[in-house]
Amino acid sequence: GHSFHLELDSAGQRHVRNFRVRVQLECTCSREQQADKMLCFLHHPEEELRSNQDPSLLDTLCTDSYLDVRKTACWFYQLVRAVWPALTQSHSWHLKLLPSRCSCQNKVTNGTESFRIEMLFGVQRDDSHIFVSSQLREAYTPSTTWPETYAVAETEFFKHIARQAPPDSLHLKCLQFFTHLQLGFGFSTYATKTIVMHLLNIEPVSSWRRRDLLLRLVDISESLRLCVQAKRLNHFIVGNWRLPGDISLPRDVQMDKRNNLFHHLAQQSAAHRQAISEYQVL
């Protein structure tokens, strides 16, 4: 009884694409849906709906007809708390729900092991590998704002590489090693991941074998140096026409200009000098 319509928030920042998700009630009076004893939110009396059916998402998860991140997280948080005692895992694992404004975070422990779990929420853009998600945002961001995320498309890219990679491929080890190496510096994990994805897309996957480990680490380091000097690191997904064909993108994402992940280096000379200095130390 609901449809979801993504609307680009034109007031968003230049380098971040934000959306709002408008929720609209749809008629469910057809014979097939009546067989499921579902009342139509549009055409049944409110009194009958209140006594026989849960409220619509407009009443529970929305603010001014737009899907609300915080209300969605709170709803799922309450659902997990209610259903946990009925699960068999509750007999041996203790569940502790952790506070969060835009996800459902919890910790499960059994006395010897402990796991922290975070569940994000997303709405898919058509049939593509691009979603809008409840990922972390600035404190002042409205709760009806859903940033575009490319995490699923990036995962599909790594799956594509894995299907072609030789058994002794170390492309993931290279990524993990270099990511840990640059901890404490100003370079983000996502920047390192982006550089590795670009290299995987141009280097034959057969060149990431164990014997090539040092060469590929040098490639990653050299690519970072060149990007810092040029003050530019192109986003891997947005505007990239060289992606494998099995990664589906909305046309506006494919046609968009390449986002510069190092745009702050181009805008702030002090940040650029700091990045050059940190690279030399690295």
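**Salt bridges and a helix crossing in a predicted model**

Biologist: In this predicted model, R225 forms a salt bridge with E222, with the closest N and O atoms 2.3 Å apart. What makes this contact between R225 and E222 a salt bridge?

Modeller: The term asks for a side-chain nitrogen of Lys or Arg within 4 Å of a carboxyl oxygen of Asp or Glu, and the closest N and O atoms of R225 and E222 are 2.3 Å apart, so the pair meets the definition. Both residues lie in helix 8 (residues 213-230), where they are 3 residues apart, about one turn of the helix.

Biologist: Why is R225 called partly exposed?

Modeller: Buried means under 20% relative accessible area and exposed means over 50%; R225 has 25%, and therefore counts as partly exposed. Its partner E222, at 32% relative accessibility, is partly exposed as well.

Biologist: Which residues are joined into one network by salt bridges that share partners?

Modeller: The network joins R17, R125, E148, D252 and D256. Among its members, R17 and D256 meet through their side chains in a salt bridge of 3.5 Å, N to O. R17 lies in the loop between strand 1 (2-8) and strand 2 (18-25), and D256 in the loop between helix 9 (251-255) and helix 10 (263-267), so the pair ties together parts that are 239 residues apart in sequence.

Biologist: How do you know whether R17 is buried or exposed?

Modeller: The relative accessible area of R17 is 14%, and because buried means under 20%, R17 is buried. D256, at 25% relative accessibility, counts as partly exposed.

Biologist: What makes E154 and K193 a salt bridge?

Modeller: The closest N and O atoms of E154 and K193 are 2.9 Å apart, and the limit is 4 Å, so the pair qualifies. E154 is buried, with a relative accessible area of 2%, whereas K193 is partly exposed, with 23%. A search of the whole structure finds 12 salt bridges.

Biologist: Why are helix 6 and helix 8 called oblique to each other?

Modeller: Helix 6 (residues 171-181) and helix 8 pack at an angle of about 50 degrees, with their axes 10 Å apart. Angles under 35 degrees count as roughly parallel and those from 65 to 115 as roughly perpendicular, so this pair falls in neither class and is oblique. The crossing of the two helices is right-handed.

Biologist: Which residues meet where helix 6 and helix 8 are in contact?

Modeller: C174, F177 and F178 in helix 6 meet L213, R216, L217, I220, S221 and L224 in helix 8. By class, this contact has 7 nonpolar, 1 polar and 1 charged residues.

Terms used:
Residues are numbered from 1 along each chain as its sequence is written. This is a predicted model: local features need pLDDT of at least 70, side-chain atom pairs count only at pLDDT 80 or more; totals for chains, interfaces and linings use all residues. Side-chain values use heavy atoms; hydrogens and water are left out. Helices (H or I, at least four residues) and strands (E, at least two) are DSSP runs, numbered from the N terminus. Buried means under 20% relative accessible area, exposed over 50%, partly exposed in between (1.4 Å probe, protein chains only). Axes are lines fitted to C-alpha atoms, for helices over the stretch in contact, and angles run from 0 to 180 degrees between N-to-C directions. Angles under 35 degrees count as roughly parallel, over 145 as roughly antiparallel, 65 to 115 as roughly perpendicular and the rest as oblique. A crossing is left-handed if the near helix is turned anticlockwise from the far one by less than a right angle, and right-handed if clockwise. Contact means heavy atoms within 4.5 Å. Ala, Val, Leu, Ile, Met, Phe, Trp, Tyr, Cys and Pro count as nonpolar, Asp, Glu, Lys and Arg as charged, and the others, Gly among them, as polar.
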